[in-house]
Amino acid sequence: LGMRDYLHEVFAHIFHRCPGLKYDILERLATAQVVQRIPTRLSFLKATLESMNAMFYSGSWQMELQKKNPKERILMMADVDVVYEMKSKVKNRKMVVTTHDVTYLETPQEARCQVCPPDQFCPSPPVVEVRREHSGLTRCVRGYGWQMFALGFMKGGSGKEIYEVADIVICHRSGD
């Protein structure tokens with residue numbers, strides 16, 4: 001991660017913890033001039049807002065999780081492409097790693113409400129497509145580069161044949 005990525009995260013945390021300062025800070029960033037009087041790039045502002053939306057989305061999903069299990073916490077959330085059990089096609093999902101499991105969320109295919117922020121899950125919430133408990137995790141293998149890895153999980157049991165399945169995961173951002 002570089003300085004730019006850390007700045008996105010810092011601003012996202014500030015916007016999340018101090019919502020009253022959000023618009024003042026964004027206005028100052030939009031009008032600020034940096035090195036050699038060059039204005040702040042719009043790509044920096046866009047990425048900062050995306051980080052803020054991701055943090056709010058994570059917080060909303062955390063509240064959904066705590067309705068079912070008050071002790072469960074989100075450790076990480078990332079946009080990924082995943083191949084389940086090395087059988088399915090590549091699917092674009094949100095991967096949520098919690099204190100209990102790894103969950104892949106499918107976001108609704110219908111158009112998102114343009115009035116509500118993404119963390120309000122309007123018009124419908126994401127659907128849990130696959131949930132894998134940590135107790136079944138057998139291996140985690142990093143692929144080529146920083147963005148690809150495979151997670152191996154045990155399946156079967158209770159009189160059934162026990163076998164291992166692997167999910168191939170490719171993160172959209174190199175920092176995830």
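Start at strand 3 (residues 74–83): this strand and strand 4 pair in the antiparallel sense over 8 bridges. Two strands count as paired if DSSP finds at least two bridges between them. Strands themselves are DSSP runs (E, at least two residues), helices are runs of H or I with at least four, and both are numbered from the N terminus.

The model is predicted: local features need pLDDT of at least 70, side-chain atom pairs count only at pLDDT 80 or more, and totals for chains, interfaces and linings use all residues. Numbering starts from 1 along each chain as its sequence is written, and side-chain values use heavy atoms, with hydrogens and water left out.

**Stop 1: strand 4 and its partners**

Select A78 and M95. A78 stands opposite M95, which belongs to strand 4. Now color residues 91–98, the whole of strand 4. Is strand 4 largely enclosed or not enclosed by the rest of the structure? It is largely enclosed, because 6 of its 8 residues are buried. Buried means under 20% relative accessible area, exposed means over 50%, and partly exposed lies in between (1.4 Å probe, protein chains only).

Move on to strand 5 (residues 101–106). Strand 4 pairs with strand 5 in the antiparallel sense, over 4 bridges. The two form a hairpin with 2 residues between them. Select V96 and T103 to see one opposed pair: T103 is in strand 5. While you are here, turn the view edge-on. In a regular strand the side chains alternate between the two faces of the sheet.

**Stop 2: salt bridges to strand 6**

Show charged side chains. The structure holds 12 salt bridges. Each is a side-chain nitrogen of Lys or Arg within 4 Å of a carboxyl oxygen of Asp or Glu.

Select E85 and R132. Their side chains meet in a salt bridge, 3.5 Å from N to O. E85 sits in the loop between strand 3 and strand 4, and R132 in strand 6 (residues 127–133), so the pair ties together parts 47 residues apart in sequence. Both residues are buried. Add K155 and D167 to the selection: with E85 and R132 they are linked in a network of salt bridges.

Next, select K91 and E129. This salt bridge has its closest N and O atoms 3.6 Å apart. K91 lies in strand 4 and E129 in strand 6, so this pair ties together parts 38 residues apart in sequence. K91 is partly exposed at 26% relative accessibility. E129 is partly exposed too, at 28%.

**Stop 3: the helices**

Go to helix 3 (residues 42–68). E64 and K67 both lie there, 3 residues apart, about one turn of the helix. They form a salt bridge, with the closest N and O atoms 3.2 Å apart. E64 is partly exposed at 30% relative accessibility, while K67 is exposed at 63%.

Then select M3, in helix 1 (residues 3–17). At 62% relative accessibility, M3 counts as exposed. Add Y6 and L7. With M3 they form a nonpolar surface patch of about 330 Å² accessible area together.

**Last stop: zoom out**

Show the whole chain. There are 3 helices and 9 strands. The C-alpha trace spans about 70 × 35 × 30 Å along its principal axes. Of the 176 residues, 34% count as buried. Switch on the surface to finish: the chain exposes about 11,700 Å², and carbon and sulfur atoms supply 57% of it. Accessible areas come from the Shrake-Rupley method with a 1.4 Å probe; for residues, only the protein chains shown count as cover. The nonpolar patch joins side chains of Val, Leu, Ile, Met, Phe, Trp or Tyr within 5 Å, and like charges are joined within 9 Å in charged patches; members have over 30% relative accessible area and no salt bridge.
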